[in-house]
Amino acid sequence: MSTSSVSRRNFLRVSMIAGGGMLVGFSTLGKDEKATMDETPFSPNVYIKIAPDGKITLVSPNPEIGQGVKTSLVMLIAEEMNVDWQKIQVEIAPLDAKYGSQTTGGSGAVRSRYTPLRQAGATARVLLIAAAADTWGVAAADCYAENGFVVSKIAGKKLSFGELATKAASMPVPANVPLKDPKEFKIIGTRVKDVDAQAIVTGKPLFGIDTRREGMLFAVVARPPAHGKKLQSFDDSAALKITGVKKVVQVKSSVAVLATSTWAAIKGRAALKINWEDAAKLESTTDHDKAFRELLSKPAATPNRNDGDVDTAMASASKVLDVYYEVPVLSHAQMEPLNFYADVRDGKAELYGPTQVPQNLVATVARELNIPPANITLGLPRQGGGFGRKLRPDNGVEAALISQAAQCPVQVQWTREDDMQNDFYRASGMFRFKAAVKDGNLEAWQQSFACLGNGRSPDTYPAGALKNLRIESYSLPTNIPTGPWRAPTHNVQAFANECFMDEVATELKKDPVAFRLELLKKAKEQPVGRLAYDPDKFISVIELVAKMCNWGKTPANTYRGFSTWFSFNSYVAQVVEIQMEKGKPKITKVYCAVHCGRVVNLSGAENQVQGAVVDGLGHAMYTKLTFQNGAAVQTNFGPYNFVRMRNTPLDVVVGFVPSEENPTGLGEPGLPPIAPALANALFAATGKRFRRMPFTDDIQFA
Amino acid sequence: MPKYNFTVNNRQVSVEADADTPLLWVLRDQLNLVGTKYGCGVAQCGACTIHYNGSPVRSCQLPVSAVGTGKVVTIEGLSEKGDHPVQQAWVEMDVAQCGYCQSGQIMAAVALLKKNPKPSDEEIDSTITNICRCGTNVRIRKAIHLAASKGGKL
């Protein structure tokens, strides 16, 4: 086994597989741990395995939740190894500390794996070449890797990676393997189809919900029907008489019904007689909205940011704009309702199911069930959407508790209603924006944000571009659970900011695109305070989208809205086009320009942005969740209204600003700017401002 | 418990189930045909779409007792080699993100093309009412057009 330190925190390790072949992997350990690591046996669960038969397997550390990470990571190693990406099989790694963080969230998977995986691929290539050169007695410099083979320029011979793998594993690992010059990229930046595409279109059992194991029972759980209620007592005698129902167990404040089929469990649950009692305040959305308005009318809290002198500028303004924006609670509504498989018996736990936080899940199960982490295994299936819901481990922990209580393997299935009542919701909130206008200029800007639970406005654009600016945040204590939802905080902040920016531009009689460019130019030349963003990258996406849609030359019978936002280190500018059909707006086309560093998979990247646009448009138009006495009023699709084909733009055109920089986030940044772009287009078409989501509360769409 | 005999993917099956059991759960829990997905249970999302006597049906709303001698086709039985023109078009357009809703989307699209081999955008939009939270709708529409252009026949 050879080890090479390639960076302060990453250690590359190469070893032979028992029976032949090579393993190339990374350990993300601290520098001090290196010595210990060299002495420990090397586990086969690493990033790349090359078998003697030429089969190459990538063990991917990040769960696939629809962000395309399985495909992107394959492309990275295929590029550096000079092998056809289609020859590489992907396995999602089970949870193991050796992989480093396996959390999927924050648009971070490709960002964090970009360099380590390329290094692993490049190292494999160099070792395979060294093994071939040694075999032929030629210099390594006279050999090259191509399409899964090492070829000798002089000897006119070639050997496959499989034939070379075992020998390559014994070659000394070079310290600094140069990565490919991006000019020579043949795979990174191209269009590669999802590696699971064929399995998806043929309905293969890829998802947690598809888990079927010997002796397993299906469980459906009665949880408190409202936030603020808890279990007092229950009678399961009628439930146990339902055909197929085998067991009823209480876990914390919930009652689980275990049966031989999901339907029997659902019927069993309906037959439970449960008394719930009030344990805390039962909250309602109308009370939240009233409380937001009260918070926002109070004198300023300690601001997140306070540049210049906003109050003086407001006092001396010729006009002060002062408006409110409102955003509702949202459920994550990932298409695969939550579920989890657990088999907890004899002090051991086998877990399998959808989560974005494998480490946290295992740690919580270990703590709550008093099982050593070493006795817990967790497998990660493909996941039917994440959007932040599975950043909480509750579904897995609950399944483990149920299995432990029932002493049998169990697949816990949440109904859609369960999912919507027991979410960690996107918080509702209200914004108050004020702008001081004088002599045709924007003199001061104040943004205040009040939201359910703990929220804080990001200290970002347009901060840095304005002399007088204040950002304030207020939290409303609540027992409604809140949590991250695709592009947390950005998804509401961008709406309010970019709608208000449009209002200011209209007041100043300035073109909305020219106005943003003017502000960003100021931020670049004379930044005020901390600058969280790169004005040049911002300008690049605005200019690209203006060029893509021929801004300033709006097609006949068409109205346009513009918006731009920065999140997860990526920049996005969008233009929404609408047409009026019998007095009702219809979204016809959307243009997006994106700066996300180097694009790894052009098809996947485009898909993520197009999806974020449709997702964001749908939520802006239709979707809200309200509470009445702690209970969700909308508990399924229908009342919880969702975008469908007929409300989907005919085309969403995506352009990427060419970049040589490492990739930045892409699963989320496409979403925040789309709601304000639509609101601004609606203003262009109707002369009315749409200051609360969903817009269907105030207008009907075609 | 009553017994029901019917045809799934050209195979005779016999299941014991309560009369009100939705076909969805019979397929998933008893016949191990898990390609048909549960999404809402109230006929809103379309993830559970199957073909019943050639028509698209939301299997969460079809009680097993109502299947009778009808013919059921699921995503697993759409084509022998997974190469139905609509499946091919889905792969070609790289439609899926998370992929969870796509078997239902494909079943709905196949049924549309059977009735209307060259649908317009408007016809696609008014017929396909499935939900995709990933927002792959634009590519779904393009994939249907692609399958239509290749004669997306059954």
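Tutor: Before we begin, two strands count as paired if DSSP finds at least two bridges between them. Please also keep in mind that this is a predicted model.

Student: With that in mind, how many bridges join β18(A) to strand β19 of chain A?

Tutor: β18(A) and β19(A), the latter spanning residues 376-379, run parallel. Within this pairing, A:L351 stands opposite A:L378, and A:E350 has A:T377 as its bridge partner. The number of bridges that join the two strands is 4.

Student: Through which helix does the chain cross from β18(A) to β19(A), and is the crossover right-handed or left-handed?

Tutor: The connection is a β-α-β crossover, and its path from β18(A) to β19(A) passes through helix α9 of chain A, residues 358-369. This helix lies across β17, β18 and β19 of chain A, and runs at about 145° to β19(A). The helix is therefore α9(A), and the crossover, by the clockwise criterion applied with the strands pointing away from the viewer, is right-handed.

Student: Turning to strand β17 and strand β18 of chain A, in which sense do they pair?

Tutor: β17(A) covers residues 339-345 and β18(A) covers residues 348-352, with 5 bridges between them. One of the bridge pairs sets A:Y341 against A:Y352, and the hairpin has 2 residues between its strands, where A:D346 takes a positive phi near 55°. The sense in which these strands pair is antiparallel.

Student: Which strands stand at the edges of the open sheet of chain A?

Tutor: The open sheet has 7 strands in the order β12-β13-β10-β20-β17-β18-β19, and its pairing is mixed. An edge strand has a single partner, so one of its sides is left without a neighbour in the sheet, and this holds for β12 (245-251) and β19 of chain A.

Student: What twist does that sheet average from one strand to the next, and which helix, touching β10, β12, β13, β17, β18 and β20 of chain A, packs on it?

Tutor: From one strand to the next, the twist averages 25°. The helix that packs on the sheet covers residues 394-406, and its direction makes about 40° with that of β17(A). Its name is α10(A).

Student: How many of the residues of strand β24 of chain A are buried?

Tutor: From this strand, which spans residues 559-567, A:Y559, A:G561, A:S563, A:W565 and A:S567 point one way and A:R560, A:F562, A:T564 and A:F566 the other way, all of them buried. β24(A) pairs in the antiparallel sense with strand β25 (residues 570-581) of chain A over 9 bridges, and A:S563 stands opposite A:Q574 there. The number of buried residues in β24(A) is 9 of 9.

Student: Is A:E64 buried or exposed?

Tutor: A:E64 lies in the loop between β5 (56-60) and α2 (69-81) of chain A, and, leaving aside residues up to four places away in sequence, touches A:V69, A:K70, A:I92, A:R382 and A:Q383. The cut-off for burial is 20 or more other C-beta atoms within 10 Å. Because A:E64 has 27 other C-beta atoms within 10 Å, this residue is buried.

Student: What distance separates the centres of domain 1 and domain 3 of chain A?

Tutor: Chain A is divided so that domain 1 covers 2-201, while domain 3 is made of 300-329 and 425-697. Taken over C-alpha atoms, the centres of these two domains are separated by 40 Å.

Student: How many residues do domain 1 and domain 3 of chain A give to the contact?

Tutor: On the side of domain 1 that touches domain 3, α2 and α3 (109-136) of chain A each supply at least two residues. Over the whole contact, domain 1 of chain A gives 21 residues and domain 3 of chain A gives 20.

Student: In chain B, why is α3(B) described as largely enclosed?

Tutor: Helix α3(B), residues 102-115, reaches 20 Å from its first C-alpha to its last, close to the 20 Å expected. Its buried residues, including B:Q102, B:I106 and B:L113, are covered by elements among them α5 (197-201) of chain A and α2 (85-92) of chain B. The helix is largely enclosed by the rest of the structure because its buried residues number 12 of 14.

Terms used. Residues numbered from 1 in each chain as written. Chains lettered and ligands numbered in written order. Predicted model: local features only at pLDDT ≥ 70, side-chain atom pairs only at ≥ 80, totals over all residues. Expected span 1.5 Å × (residues − 1). Contact = placed C-beta atoms within 7 Å. Axes fitted to C-alpha atoms, helices over the stretch in contact; angles between N-to-C directions. Domains from an automatic or database assignment.
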